[in-house]
Amino acid sequence: MSDKLFNIVIFGGLAVMLCAVYFFNPNTDSIFPPCPTNAITDLYCPGCGTLRALHALVHGNLKEAISQNVMTVIFLPILPLMAIFPALFRFRFIPWAILIIFVIYTILRNLEAFAFLAPH
């Protein structure tokens with residue numbers, strides 16, 4: 001597949017997903033599946049609340065997005081930078097640092113003292 005076609009498919013898919021998140025509320029519409037990790041273990045994974053955070057973001061509600069999944073709000077602007085400037089993210093420590101951040105975030109959001117990190 002050519003690079004141009006690949007980019008069209010990726011951006012087209014992202015546009016469709018953003019439209020779905022804009023028009024359908026993950027809190028009330030059942031087209032979005034529940035988190036399998038949460039359904040099986042009753043624990044919050046690092047992605048729990050991401051759809052609700054994206055729904056809030058596309059509706060301009062940053063405070064609600066942060067309350068659903070702060071990591072989504074933090075890392076969302078980084079993803080396009082990774083695609084545009086991949087050389088900046090090729091240091092060996094970066095994947096390990098991201099993994100450690102997500103592991104710590106997952107542990108903290110499941111502790112009662114840090115319940116504010118859990119989606120609501």
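Of the 120 residues that make up the protein chain in this predicted model, 20% count as buried. The accessible surface of the chain amounts to about 8700 Å², and carbon and sulfur atoms hold 74% of that area. Taken along the principal axes, the C-alpha atoms fill a box of roughly 45 × 40 × 30 Å.

The secondary structure consists of seven helices and zero strands, so that the order of elements, read from the N terminus, is α-α-α-α-α-α-α. Among the contacts in the chain with a separation of 6 or more, 51% are accounted for by residues 24 or more positions apart. As for charge, the chain carries 6 positive and 5 negative side chains, and the centres of these two sets lie 14 Å apart.

Confidence can be considered for the chain and for its elements. The mean pLDDT of the protein chain is 90, with 99% of its residues reaching 70 or more. Among the elements, the lowest mean pLDDT, 85, belongs to helix H6, which spans residues 78-84, whereas H4 has the highest, at 95.

Helix H3, residues 50-58, offers a view of the buried part of the chain, for its buried residues are Ala53, Leu54, His55 and Ala56. The cover over these buried residues includes helix H1 (3-23), helix H4 (62-68) and helix H5 (70-75). After H3 comes Gly60, which has a positive phi, near 80 degrees.

Helix H4, one of the elements covering the buried residues of H3, also contains Lys63. Is this residue buried or exposed? Lys63 counts as exposed because its relative accessibility is 72%, which is to be read against the cut-off of over 50% for an exposed residue. Ala53, by contrast, is among the buried residues of H3; the C-alpha atoms of Lys63 and Ala53 are separated by 9.4 Å, and the two residues stand 10 residues apart along the chain.

On the other side of H3 in the sequence, the loop between helix H2 (36-41) and H3 holds Asp42. The phi of Asp42 is near 65 degrees, a positive value in a residue other than glycine. Most residues other than glycine have a negative phi, and the backbone at Asp42 therefore departs from what is found in most such residues. With a relative accessible area of 62%, Asp42 is exposed, because the cut-off for that class is over 50%. The loop residue Asp42 thus joins a positive phi with an exposed position, while Gly60, following H3, has a positive phi as a glycine.

How values were computed:
Residues numbered from 1 in each chain as written. Heavy atoms only, no water. Helix = DSSP H or I, 4+ residues; strand = E, 2+ residues; numbered from the N terminus. Buried < 20%, exposed > 50% of the residue type's maximum accessible area, 1.4 Å probe, protein only. Contact = heavy atoms within 4.5 Å. Areas by Shrake-Rupley, 256 points an atom, 1.4 Å probe, with all protein chains shown as cover. Lys, Arg positive; Asp, Glu negative; His and termini not counted. Charge placed at Lys NZ, Arg CZ, Asp CG, Glu CD. pLDDT = per-residue confidence, 0-100.
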